[in-house]
Amino acid sequence: MTSHQNGTISSEVSDFLLNCFVRSHTWQLWLSLPLSLLLFLAMVANSVLLITIWLEASLHEPMYYLLSILSLLDIILSLTVIPKVLAIIWFDLKSISFYACFLQMFIMNGFFAMESCTFMVMAYDRYVAICHPLRYPSIITDQFVVKAAVFILARSSIVTMPIPILSSRLHYCGRKVIENCLCTNMSVSRLSCDDVTINRLYQFAIGWTVLGSDLILIFLSYTLILRAVLRLKAEGAVAKALSTCGSHFILILFFSTILLVFVLTLVVKKKVSPDVPVLLNILHHVIFSALNPIVYGVRTQEIKQGIQRLLKKGC
């Protein structure tokens, strides 16, 4: 952290200490076991999915390119959060440098927003595929995916970049113990001697406008899809359409449910242990990353067949 005094910049805090689960020492090691297994599962499953989409020519379609973006985001988010939590639990490595802390803060906020935006684009993809099937090849093209990827990156980076910037410019008065396993904006800014109203209002506004608008558009898309599906007359068409969207909807529902539970625990934080929101935040970053490729691998026939073909070639 740097502060301006008499026209000069003086270093105030060079690192922070992540002090998490202080009230739950007894189950820290037990928690590390499922966390490490979920991290391993997330890395392997997402890597298999990415390799399968890359090597299988039949999967070189916009829908699977969007899924690749989601898997890549999952890998980066998991690696940003879980290894540091395990290092704290196993080796008591609580220290994190000033710049690494705010980099982690940016990745957690930015990539979370990117996942939300990716879901929105995927919902639009399914909407066009089912509601306007004849126009799908002309609308959802490889060029569309490139533009969507640029939009996802640009929008999420622009709206979340101010969060770590605002926090890094605060005056910390030598305080460096963060009561969390992660460098979240609220946990870090709580150490500041300055007024953090702007920080909190900005994050609150971004959370409800960006993520909220994404969820509204996602559920609007699936409402229109459901209405179109119920009008289908062909035998088996309804089941096929619902199966196509089933994987997307399951993951989006899980994504929004975990987020809602996390927000509710923050609202009623006086009635629950402070460790509960921390634990939910950690689990949100790894459970979803592990579920994403498994749900798509099990429910999407083309991906399942692609993995089977790759396994046969490997044998």
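**Exercises: salt bridges, a small sheet and a helix pair**

**Exercise 1.** In this predicted model, which residue forms a salt bridge with Arg309, and where do the two partners sit?

*Solution.* Start with the pair itself: Arg309 bonds to Glu56, with 3.0 Å between the closest N and O atoms. Next, place the partners along the chain. Arg309 belongs to helix 11 (residues 301-314), while Glu56 is in the loop between helix 1 (28-55) and helix 2 (62-91), so the pair links distant parts of the chain, 253 residues apart. Now check burial, where the cut-off for buried is under 20% relative accessible area. Glu56 has 5%, so Glu56 is buried. Arg309, at 34%, is partly exposed. Finally, look for shared partners: Glu56, Arg309 and Lys313 are joined into one network.

**Exercise 2.** How many salt bridges does a search of the whole structure find? Take Asp214 as a second case and work out whether Asp214 and its partner Arg155 are buried or exposed.

*Solution.* The search gives six salt bridges. In the one between Asp214 and Arg155, the closest N and O atoms are 2.8 Å apart. Asp214 comes from helix 8 (residues 197-230) and Arg155 from helix 5, 59 residues apart. As for burial, both Asp214 and Arg155 are buried.

**Exercise 3.** What is the strand order of the three-stranded open sheet, and which strands are at its edges?

*Solution.* The order is 4-3-5, with mixed pairing. Strand 4 (95-97) and strand 5 (177-178) are the edges, each pairing on one side only. Take the pairings one at a time. Strand 3 (residues 15-18) runs antiparallel to strand 4 over three bridges. Here Leu17 has Ser95 as its bridge partner, and Asp15 stands opposite Ser97. With strand 5, strand 3 pairs in the parallel sense over two bridges, and Leu17 stands opposite Val177 there. To finish, add the helix: helix 3 lies across strand 3, strand 4 and strand 5, at about 85° to strand 4.

**Exercise 4.** How do helix 3 and helix 5 cross, and what is the make-up of their contact by class?

*Solution.* First the geometry: the axes of helix 3 (residues 98-131) and helix 5 (residues 142-160) come within 9 Å and cross at roughly 145°. The crossing is right-handed. Then the residues: helix 3 contributes, among them, Phe106, Gly110 and Tyr124, and helix 5 contributes residues including Phe144, Phe151 and Arg155. By class, the contact has 12 nonpolar, six polar and one charged residues. Arg155 ties back to Exercise 2, where Arg155 forms a salt bridge with Asp214.

Definitions and conventions
Residues are numbered from 1 along each chain as its sequence is written. This is a predicted model: local features need pLDDT of at least 70, side-chain atom pairs count only at pLDDT 80 or more; totals for chains, interfaces and linings use all residues. Side-chain values use heavy atoms; hydrogens and water are left out. Axes are lines fitted to C-alpha atoms, for helices over the stretch in contact, and angles run from 0 to 180 degrees between N-to-C directions. Helices (H or I, at least four residues) and strands (E, at least two) are DSSP runs, numbered from the N terminus. A crossing is left-handed if the near helix is turned anticlockwise from the far one by less than a right angle, and right-handed if clockwise. Contact means heavy atoms within 4.5 Å. Ala, Val, Leu, Ile, Met, Phe, Trp, Tyr, Cys and Pro count as nonpolar, Asp, Glu, Lys and Arg as charged, and the others, Gly among them, as polar. Two strands pair if DSSP finds at least two bridges between them. A salt bridge is a side-chain nitrogen of Lys or Arg within 4 Å of a carboxyl oxygen of Asp or Glu. Buried means under 20% relative accessible area, exposed over 50%, partly exposed in between (1.4 Å probe, protein chains only).
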